[in-house]
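This report describes the fold of one protein chain, from overall composition down to single residues.

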Amino acid sequence: MKKLKVMFSTHGLIEGDFAFNTDEKGFPTTEVISKKVITGQDTGGQVYYVKALATCPSNYDIDLVTRRIDPRICPEFGGTYKDLGKNINYTIESQWHENKTSRSRVLRVPAGGNFAFLPKEEIVPLLPELVDNLFEFYKKENTLEKIEVVEGHYRDGMLAADMLCNKIEHEIGKRPIMLVTSHSLGHKKYERNLPQYQEGKISDEEWQWHNFRERIKHEKYAFDMADIIVATSPDEQRRLVVEPYLQDINKITVIPPGYNSAVFSPVTIQEANKLRYKFEYKGLDGHLHQINLLNKKVVSSLGRVVRDKGYSELSRSMAEIMKSDHDVIFMLSSEKSNPVTDECKEILKEVEDRVVFLPSLNQQEMATIYRVSDIFVMSSLNEAFGMVPIEAMGCKTAVIVGRSGFNDFAHCADIRDDNIDLSKQIGIYAPSQEEDRWRQIKALKTLLDNPQLCAQMAENGYKFARSKLTWEKISAQKEKLVKEALKEKTTNNIPSALKIKNSGLCL
């Protein structure tokens, strides 16, 4: 019988089984309209990461734990518990996922007296209740002895992992292996946002809401208590061993995020041309549109529509290029009434007939965009890692990336180096900040004007991603770390509760 791995993604909205229609006032009815629960805020890369790993072939049965959020209350992150009264079953929901090689389930655990959505910045006070409910669930299942590994993701998930490990150790005298991945370090975000706060671009209220001091304290505590720390990039590893985290380098291993090679895969030239001919897409107006992409140069950029993703900066670069090259088509993620999208539309208004604004896409739809694109650009101003370039590489599309953990790991060619042989590179590094935008423009023109080079770089990127970055390879690396940690713990036989006698952490 397999042992059990528990993965915490407490604030993330994990896809559910149902969603409900709403009435004219926006409140949920009893009419089921889809099998997909709400998406959006707090459903980014970290949630995708844990979902992908939870369904990989594994030596473990896997429970993915999140806070229960009822779509009847939050169809659009709106509504409260009082809207529907207090007759909702306050129990843990479970949803099984099984295939030939793995068995996993999502456990949605109640906490907070209601099932309304809470952003990750506000969920920490609910963690003790959530973990208590989960612990009692496992006790009734008689599965505490089966839990061998507990993974914590992001600040709240890392804290929840430690709480569960403590409770299990107190109950059965044996503490599971604790593995943590921060995905985004509070201190890095603090450094990035401090200048904007000092310039008055971030209000005192918002600054206090982020509470970076508390977040950093919680992160350091979780790192101290962990047996294994997985950093997603070398930059994250470097930050973990200096102030304010001061972690043991021997506990840290760099393992990047991966991609689903079954979804993000290349197609033949003939299939790509078939997709490009009368390419059909849904616009922001909700209607289907067609565009002929044959003999066009297609540049795309996908992701959440927020300012840090650099869509406005990329739009300035593309507007300049498209004015002189009329064969270029630009496709980018967008949202109706989003200020970032509105700004992009204004920047691109002179070339708007060759711009495709795309709504939120699922993985299959994203794969199609990658396949019809000659170049994919991740224009983020500062990305913790960024999984979209890996997906694009998996579809054999050339990539240009900005400042990111991905580039720190993959070492794309710096476009400033005129002596480098680009035909041997997996991608191009070209930041999109205004002072660096000339580098982004140079990278785009270099690939757009050299289709053979663009195709060769796409081939190189595909081989790199396929050999190193599938979710199966990422999962195997993590399980190897756990195996080594279990062996070391058995050899040393040192009670892990003695790691830190007095952390001073209060939730």
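Contact, as used for the packing described below, means heavy atoms within 4.5 Å. In this predicted model, the buried residues of helix 15 pack in that sense against strand 16, helix 12 (388-394), strand 17, helix 13 (405-410), strand 19 (428-429) and helix 14 (437-448). The buried residues concerned are Leu453, Cys454, Met457, Ala458, Asn460, Gly461, Tyr462, Phe464 and Ala465.

**Overall composition**

The protein contains 16 helices and 19 strands. It has 507 residues, of which 54% count as buried. The accessible surface comes to about 23,600 Å², and carbon and sulfur atoms account for 48% of that surface. Of the contacts between residues at least 6 apart in sequence, 71% join residues at least 24 apart.

**The seven-stranded sheet**

Seven strands make up an open sheet with parallel pairing, in the order 15-14-13-16-17-19-18. Strand 15 and strand 18 (413-414) are the edge strands, each pairing on one side only.

At one edge, strand 15 (residues 355-358) runs parallel to strand 14 (residues 328-333), and four bridges join the two. Ser333 stands opposite Leu358 of strand 15. The side chains of Val355 and Phe357 point one way from strand 15, those of Val356 and Leu358 point the other way, and all are buried. Together with helix 10 (residues 339-347), strand 14 and strand 15 form a right-handed β-α-β unit.

Elsewhere in the sheet, strand 16 (residues 375-378) and strand 17 (residues 398-401) are paired in the parallel sense, again over four bridges. Here Met378 has Val401 in strand 17 as its bridge partner.

**Two helices**

Helix 9 lies across strand 13 (297-301), strand 14, strand 15 and strand 16, and runs at about 170 degrees to strand 14. Since 10 of its 14 residues are buried, helix 9 is largely enclosed by the rest of the structure. The buried set is Tyr311, Ser312, Glu313, Leu314, Ser315, Ser317, Met318, Ala319, Ile321 and Met322. These buried residues of helix 9 pack against strand 13, strand 14, helix 10, strand 15, strand 16 and helix 14.

The spans of helix 9 and helix 15, from first C-alpha to last, are listed with the values expected at 1.5 Å a residue.

| Helix | Length | Span | Expected span |
|---|---|---|---|
| Helix 9 (311-324) | 14 residues | 20 Å | 20 Å |
| Helix 15 (451-468) | 18 residues | 26 Å | 26 Å |

In helix 9 the span is close to the expected value, and the same description holds for helix 15.

**A hairpin**

Strand 11 (residues 279-282) and strand 12 (residues 288-291) pair in the antiparallel sense over four bridges. One bridge partnership links Tyr281 to His289 in strand 12. Side chains alternate along strand 11: Phe279 and Tyr281 point to one face and are buried, whereas Glu280 and Lys282 point to the other and are not. The hairpin has five residues between its strands, and Gly286 takes a positive phi near 85 degrees.

**A loop residue**

Ile202 sits in the loop between helix 4 (186-198) and helix 5 (204-210). Is this loop residue buried or exposed? Ile202 counts as buried because its relative accessibility is 7%, and buried means under 20%. Apart from neighbours within four places in sequence, Ile202 is in contact with Asn193, Gln196, Tyr197 and Trp207.

Notes
Residues numbered from 1 in each chain as written. Predicted model: local features only at pLDDT ≥ 70, side-chain atom pairs only at ≥ 80, totals over all residues. Heavy atoms only, no water. Buried < 20%, exposed > 50% of the residue type's maximum accessible area, 1.4 Å probe, protein only. Pairing = 2+ DSSP bridges. Right-handed = clockwise from strand over helix to strand, strands pointing away. Areas by Shrake-Rupley, 256 points an atom, 1.4 Å probe, with all protein chains shown as cover. Axes fitted to C-alpha atoms, helices over the stretch in contact; angles between N-to-C directions. Expected span 1.5 Å × (residues − 1).
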